[in-house]
Amino acid sequence: MTLKRNILLAGAVLLASGGLAQAEMMATTVNDLNVRAGPGPQYPAVGLATRGSTAVLDGCIEGSRWCRVDVNGMRGWVYADYLQVDNGGSQVIVEQHRDEIGVPVVTYESTASVVPVDPQPAPGDELLGPVGAVETITPPETVRTYIDTNPGQTVQLGGDVVVGAEVPADVTFQSIPDYEYRYTRINDRPVLVDPGTRRIVYVYQ
């Protein structure tokens, strides 16, 4: 019995070591970001990966910013702009160094039950900036009432709309009477922004 058990254990060790022959590409999230079920903002989020999370990077779709990862027990898709990897001791953004670091190419096959993938953002499309620390706020109901009665035009930006993300300089904000924060609408979602730092402080669902 003991000999048979030892043989089985030896086999298990060989299998395990064989799996280590192909090194996994590890990445770190530089932003709080949604992990999505498919490579597009129209796919549902399977969860939120917080800034600094370690992810296994399977690869990215060729000609697209979407990459497949395994992070915090979730498997899904995130933007390459928000992932960084170690490259000779320096942390580099995946999107900017894909060829240099040898990111594998993966594909995605949609099914009839999933909405079609929208065109991916072009390399020049504007993205929300990295997430920074902001003070947690709870806006009064009067602010939401004002936003609902004064809807502004929506701005389309790449990336996930999350608290702390920096809004690009060319996006204009609307003032709210007797309130320190400003309002804008990003990707059809109303958000409150600190005009001094241009960071999102609250996202309306």
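**Notebook: aromatic pairs in a predicted model**

I began with the aromatic rings and noted that Tyr 43, Trp 77 and Tyr 108 form one aromatic cluster. For the pairing rule, I took rings of Phe, Tyr and Trp (its six-membered ring) as paired if their centres lie within 6.5 Å, with planes under 30 degrees apart counted as stacked, over 60 as edge-to-face and the rest as tilted.

I recorded that this is a predicted model, in which local features need pLDDT of at least 70 and side-chain atom pairs count only at pLDDT 80 or more, while totals for chains, interfaces and linings use all residues. Residues are numbered from 1 along each chain as its sequence is written, and side-chain values use heavy atoms, with hydrogens and water left out.

**Entry 1: the pairs**

How many aromatic pairs does the rule give? I obtained a count of six aromatic pairs. In one of them, the ring centres of Trp 66 and Tyr 79 are 4.6 Å apart and the planes stand at 25°, so I entered this pair as stacked. I then looked up where the two residues lie: Trp 66 is in strand 5 (residues 66-71) and Tyr 79 is in strand 6 (residues 74-79), so the pair ties together parts that are 13 residues apart in sequence. For strands and helices I used DSSP runs, numbered from the N terminus: helices are H or I with at least four residues, and strands are E with at least two.

Next I checked accessibility, where buried means under 20% relative accessible area, exposed over 50%, and partly exposed in between (1.4 Å probe, protein chains only). Trp 66 is buried at a relative accessible area of 3%, and Tyr 79 is buried at 6%.

I also examined Tyr 202 and Tyr 204, whose aromatic pair is edge-to-face, with 4.9 Å from centre to centre and 70° between the planes. Are these two residues buried or partly exposed? Tyr 202 counts as partly exposed at 27% relative accessibility, whereas Tyr 204 is buried at 7%.

**Entry 2: a proline in a loop**

I found Pro 168 in the loop between strand 10 (154-155) and strand 11 (174-175). Pro 168 is buried, with a relative accessible area of 9%. From Pro 168 to Leu 157 I noted eleven residues in sequence and 9.0 Å in space, C-alpha to C-alpha.

**Entry 3: the chain as a whole**

For the protein chain I listed three helices and 14 strands. Of its 205 residues, 41% count as buried. Among contacts (heavy atoms within 4.5 Å) with a separation of 6 or more, 62% are between residues 24 or more positions apart.
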